[in-house]
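Notebook open, structure about to go up on the screen. I'm jotting down what I look up as I go.

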Amino acid sequence: MAIERKSADRKYLSIKNRCAKKSACRHTIKVKTARQFFTPTNKQIIESDTATSKLIVLYSIMKTDRLFYEFMNEVIREKIHAGYETDKSGFFGFFGNKRQQSETVASWKGCTFYKLRQVYIRILFEAGLLRNQKEPRELMVGMMNMKVKEHLLQLGEHQYVEILTGDRR
């Protein structure tokens, strides 16, 4: 919890809401599938610029939340390369496809999709990938510290780097 305490004390993540800040830190720390990444990167969060720290947190959310990763990969990645705006149709199309692919998702109520859309927009905004939360939502390319980017690429996380920064390799 040292990362959480240092991050909260020094406002490294620039997240104003205390609960959101704690949640972001928990996501960063709980990633088990990327332990080899987070040992050197915990230090990167503390020493890195705010934009990179936010992208590391976003990376950890994508590693721990499959639905969010699929949303980022299928909707945001394509929008970054095709045009820099996203609207409701991207969310509705994505969740419509997921309803067809999964009985579990198909059983969810409309309010669940509404809340997921709100949360996804908030995450993207807080991570610095959305200029605003209201429509039209303009996407921005993430700016990541080269050391962190190179480390991710060495780990074979090319797809994550492409989603976060728009860089195609």
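**Entry 1: a salt bridge to start**

Which residue's side chain meets that of Arg-131 in a salt bridge? I looked it up, and the partner is Glu-138, at 3.4 Å from N to O. Note to self: this is a predicted model. I also checked how open Glu-138 is, and it counts as partly exposed, with a relative accessible area of 32%. The count of salt bridges comes to 10, so I kept going.

**Entry 2: a bridge between distant parts**

Next I picked Glu-162 and Arg-77, whose side chains meet in a salt bridge at 3.0 Å, N to O. I liked this pair for its reach: Glu-162 sits in helix H10 and Arg-77 in helix H5, 85 residues apart. Buried or exposed? I checked both Glu-162 and Arg-77, and both are buried.

**Entry 3: helix H8**

I moved on to helix H8, residues 110–126. I counted 17 residues in H8, and from its first C-alpha to its last it reaches 24 Å, close to the 24 Å expected at 1.5 Å a residue.

Which residues of H8 are buried? I wrote down Phe-113, Leu-116, Arg-117, Tyr-120, Ile-121, Leu-124 and Glu-126. A general point I want to remember here: an α-helix has 3.6 residues a turn, so residues three or four places apart point the same way. Then I looked for what covers the buried residues of H8, and found, among others, helix H4 (50–64), helix H5 (66–82) and strand E2 (137–138).

H8 also has a salt bridge of its own, in which Arg-122 joins Glu-126 with the closest N and O atoms 3.0 Å apart. Both residues lie in H8, 4 residues apart, about one turn of the helix. Their surroundings differ, I noticed: Arg-122 counts as partly exposed at 37% relative accessibility, whereas Glu-126 counts as buried at 19%. I had to check the cut-off for that one, and buried means under 20%. After H8 comes Gly-128, whose phi is positive, near 90 degrees.

**Entry 4: the nonpolar core**

How many residues does the largest nonpolar core have? I got 36, and those with the most contacts inside it are Phe-71 and Met-72. I noted that H4, H5, H6, H8, helix H9 (146–154) and helix H10 (158–165) each supply at least two residues. H5 gives the most, with 8 residues.

I zoomed in on Phe-71. Beyond residues up to four places away in sequence, Phe-71 touches Ile-76, Phe-91, Phe-94, Tyr-120 and Leu-124.

From there I hopped to Ile-76, which lies in helix H5. Ile-76 is buried, and its relative accessible area is 0%. Leaving aside neighbours within four places, Ile-76 is in contact with Phe-71, Leu-124 and Leu-139. I also looked at Ile-76 and Leu-164: they are 88 residues apart along the chain, and their C-alpha atoms are separated by 9.2 Å.

**Entry 5: a buried lysine**

I went looking for Lys-98 and found it in helix H6. Buried or exposed? Lys-98 is buried, with a relative accessible area of 5%. Not counting residues up to four places away in sequence, I saw Lys-98 touch Leu-67, Glu-70, Glu-74 and Val-105.

**Entry 6: helix H10**

Back to H10. I found 6 of its 8 residues buried, so H10 is largely enclosed by the rest of the structure. The buried residues of H10 are Tyr-160, Val-161, Glu-162, Ile-163, Leu-164 and Thr-165. What covers them includes H4, H5 and H9. H10 is followed by Gly-166, with a positive phi near 80 degrees.

**Entry 7: aromatic rings**

How many aromatic pairs does the structure hold? I noted 11. One of them is Tyr-59 with Tyr-160, edge-to-face, at 5.3 Å centre to centre and 75 degrees between the planes. Tyr-59 lies in helix H4 and Tyr-160 in helix H10, so the pair ties together parts 101 residues apart in sequence. Both Tyr-59 and Tyr-160 are buried.

I looked at Phe-95 and Phe-113 too, and this pair is tilted, at 5.4 Å centre to centre and 55 degrees between the planes. Phe-95 is in helix H6 and Phe-113 in helix H8, so this pair ties together parts 18 residues apart in sequence. Last thing I wrote down: Phe-95 and Phe-113 belong to one aromatic cluster, along with Phe-68, Phe-71, Phe-91, Phe-94, Trp-108 and Tyr-120.

Technical notes:
Residues numbered from 1 in each chain as written. Predicted model: local features only at pLDDT ≥ 70, side-chain atom pairs only at ≥ 80, totals over all residues. Heavy atoms only, no water. Expected span 1.5 Å × (residues − 1). Buried < 20%, exposed > 50% of the residue type's maximum accessible area, 1.4 Å probe, protein only. Contact = heavy atoms within 4.5 Å. Core = buried A, V, L, I, M, F, W, Y, C linked by side-chain atoms within 4.5 Å. Salt bridge = Lys/Arg side-chain N within 4 Å of Asp/Glu carboxyl O. Phe/Tyr/Trp six-rings, centres within 6.5 Å; stacked < 30°, edge-to-face > 60°.
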